[in-house]
Amino acid sequence: MPVHYRRQLDAIASYRPGPPPPQRDYPTYKLSSNENPFPPLPSVRQAIADHLGGINRYPQADAAELVSALAERAGVTTDEVVVGAGSVEVISAVVRAVAGAQDEIVFAWRSFEAYPQLVVAAGATPKPVPLTAAWGHDLAAMARAVTAATRCVLVCNPNNPTGTVVTAAALDDFLDQVPDDVTVVLDEAYRHFDRDRDSPDGLDCYRRHPNVVVCHTFSKAYGLAGLRVGQAVMSAALAEQARKVLIPFGVTDLAQQAALASLAAEAELDQRVDQLVARRRQVEAALAAQGWELPASQGNFVWLPTGAVTATATAILDRHGLAGRPFAGEGVRLSVGETESVDQLIAAAAEIRQRLDD
Ligand SMILES: *Cc1c(COP(=O)(O)O)cnc(C)c1O
């Protein structure tokens with residue numbers, strides 16, 4: 001007899017990681033996972049090396065030192081901070097804490113690929129709301145999608161994969177319309193790269209709306225994607241429930257130490273973020289000059305709306321030694337990577353543009 005499983009899982013696939021870079025006799029680049037192209041800082045490597053001798057022990061389950069440091073920075077109590085093996089795990093815990101069968105979760109689409117999966121994993125029903133024609137969140141439509149069955153709304157700001165942001169005013173309006181008992185997750189994985197002055201500050205929203213959850217990660221701006229550590233600020237009442245559904249010991253000691261060392265080296269890391277933002281602007285300017293009409297990106301990536309020629313675009317990128325993140329029929333997301341990758345990206349984009357204009 002075939003093994004029994006939840007038929008609901010037929011609606012989703014397992015998480016699709018960004019493809020690896022092509023194998024060539026010239027330099028190739030992985031621009032498919034929005035990773036930080038800079039190598040780990042020496043001080044972060046040292047912190048990890050200093051703690052290798054303790055890996056026969058379980059980590060501190062409550063990550064007390066890291067949680068304190070994060071709480072202090074956010075100006076909240078430690079009861080309001082939840083850490084996990086990447087912010088994806090924390091978002092997943094929040095979803096599982098607030099929603100189950102018969103409950104609905106609203107999110108924009110296209111957005112972060114993990115959302116539908118973690119909603120279905122919780123047993124809840126995904127309620128995707130299409131992006132606007134300008135590739136941004138349609139907050140008015142999302143507010144209308146909230147029903148008595150809605151337990152949570154996921155807002156990805158800046159949005160992965162399109163790089164768009166909502167304005168603080170639009171988000172405030174939205175939060176005023178959402179009932180107080182519906183959790184609104186602000187996924188700010190890319191907030192360090194956001195230079196739009198009209199963007200909301202998630203923590204500020206949280207102070208005014210206790211149903212807001214603000215998620216940050218060490219994976220992108222801080223370059224710790226391989227160690228898996230992320231965090232969220234939320235009401236102490238919700239945090240207590242979210243901790244119940246977290247996998248125990250999800251954040252390893254090495255990850256905790258690397259995160260603490262990264263907080264200590266924030267100024268150095270911020271300089272790298274500034275360089276990546278400058279590089280993003282350089283890429284955006286070059287693409288605009290080629291005739292691309294792109295949504296302004298506030299992430300460490302750009303979105304090429306290649307539509308029907310997405311497969312061809314992916315093949316062209318591959319020929320130029322680049323792995324991007326294609327979404328069939330929609331577009332390709334390309335991370336802002338190593339300095340050396342920029343010329344290849346611009347050359348590939350020119351060729352794709354020509355194909356679109358033909
Ligand atoms: C990368 C990313 C995250 C963070 O993932 P981690 O689990 O912290 O590595 C969260 N949300 C979005 C939208 C992302 O792109």
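In this predicted model, a backbone N or O atom of serine 87 lies 2.6 Å from an oxygen atom of the ligand. Tyrosine 190 approaches the ligand through its side chain, with a polar atom 2.6 Å from a ligand oxygen. Serine 219 also uses its side chain, and an N or O atom there is 2.5 Å from an oxygen atom of the ligand. The ligand is surrounded by 13 residues. Ser87, Tyr190, Thr217, Ser219 and Lys220 come nearest.

Histidine 216 is found in strand E7, which spans residues 212-217. Its relative accessible area is 15%. Histidine 216 is therefore buried, the cut-off being under 20%. The side chain of histidine 216 makes a polar contact of 2.8 Å with the side chain of glutamate 188. Beyond its neighbours within four places in sequence, histidine 216 is in contact with Ser87, Glu188, Arg191, Gly230 and Gln231. Ser87 thus appears both among the contacts of histidine 216 and among the residues that come nearest to the ligand.

Gln231 is also in contact with leucine 70. Leucine 70 belongs to helix H2, residues 64-74. With a relative accessibility of 8%, leucine 70 counts as buried. Its other contacts, with neighbours within four places in sequence left aside, are Val81, Val83, Phe218 and Leu263. Valine 82 stands 12 residues from leucine 70 along the chain. The C-alpha atoms of leucine 70 and valine 82 are separated by 9.6 Å.

Helix H3 (residues 87-98) packs with helix H8 (residues 236-245). The angle is about 105 degrees, and the axes are 8 Å apart. H3 is therefore roughly perpendicular to H8, since angles of 65 to 115 degrees fall in that class. On the H3 side, the contact is made by Ala93, Val94, Arg96, Ala97 and Val98. H8 contributes Leu238, Gln241, Ala242 and Val245. By class, the contact has seven nonpolar residues, one polar residue and one charged residue.

Valine 245 of helix H8 is partly exposed, at 27% relative accessibility. With neighbours within four places in sequence left aside, valine 245 is in contact with Ala93, Arg96 and Ala97. These three residues belong to the H3 side of the helix contact. Valine 245 and methionine 1 are 244 residues apart in sequence. Their C-alpha atoms are 31 Å apart in space.

Threonine 306 lies in the loop between strand E9 (301-304) and helix H11 (310-319). Threonine 306 is buried, with a relative accessible area of 2%. Its side chain is joined to the side chain of threonine 310 by a polar contact of 2.8 Å. Not counting residues up to four places away in sequence, threonine 306 touches Trp292, Ala313, Glu330, Gly331, Val332, Ile352 and Leu356. Ala313, one of these residues, falls within the range of helix H11.

The backbone has some further features of note. Most residues other than glycine have a negative phi, and most peptide bonds are trans. The peptide bond from tryptophan 109 to arginine 110 is cis, with omega near 10 degrees. Arginine 110 is placed in the loop between strand E3 (104-109) and helix H4 (114-121). A cis peptide bond also runs from asparagine 157 to proline 158, with omega near -5 degrees. Proline 158 sits in the loop between strand E5 (150-156) and helix H6 (168-177).

Positive phi values occur at asparagine 34 and alanine 63. For asparagine 34, phi is near 55 degrees. Asparagine 34 lies in the loop between strand E1 (29-30) and helix H1 (42-50). At 0% relative accessibility, asparagine 34 counts as buried. For alanine 63, phi is near 45 degrees. The loop between H1 and H2 holds alanine 63. Alanine 63 counts as buried, at 1% relative accessibility.

Methods. Residues are numbered from 1 along each chain as its sequence is written. This is a predicted model: local features need pLDDT of at least 70, side-chain atom pairs count only at pLDDT 80 or more; totals for chains, interfaces and linings use all residues. Side-chain values use heavy atoms; hydrogens and water are left out. Axes are lines fitted to C-alpha atoms, for helices over the stretch in contact, and angles run from 0 to 180 degrees between N-to-C directions. Helices (H or I, at least four residues) and strands (E, at least two) are DSSP runs, numbered from the N terminus. Angles under 35 degrees count as roughly parallel, over 145 as roughly antiparallel, 65 to 115 as roughly perpendicular and the rest as oblique. Contact means heavy atoms within 4.5 Å. Ala, Val, Leu, Ile, Met, Phe, Trp, Tyr, Cys and Pro count as nonpolar, Asp, Glu, Lys and Arg as charged, and the others, Gly among them, as polar. Buried means under 20% relative accessible area, exposed over 50%, partly exposed in between (1.4 Å probe, protein chains only). A residue is near a molecule or strand if one of its heavy atoms lies within 4 Å of it. A polar contact is a pair of N or O atoms within 3.5 Å; within protein, one must be able to donate a hydrogen and the other to accept it, and residues adjacent in sequence count only if both atoms are side-chain atoms.
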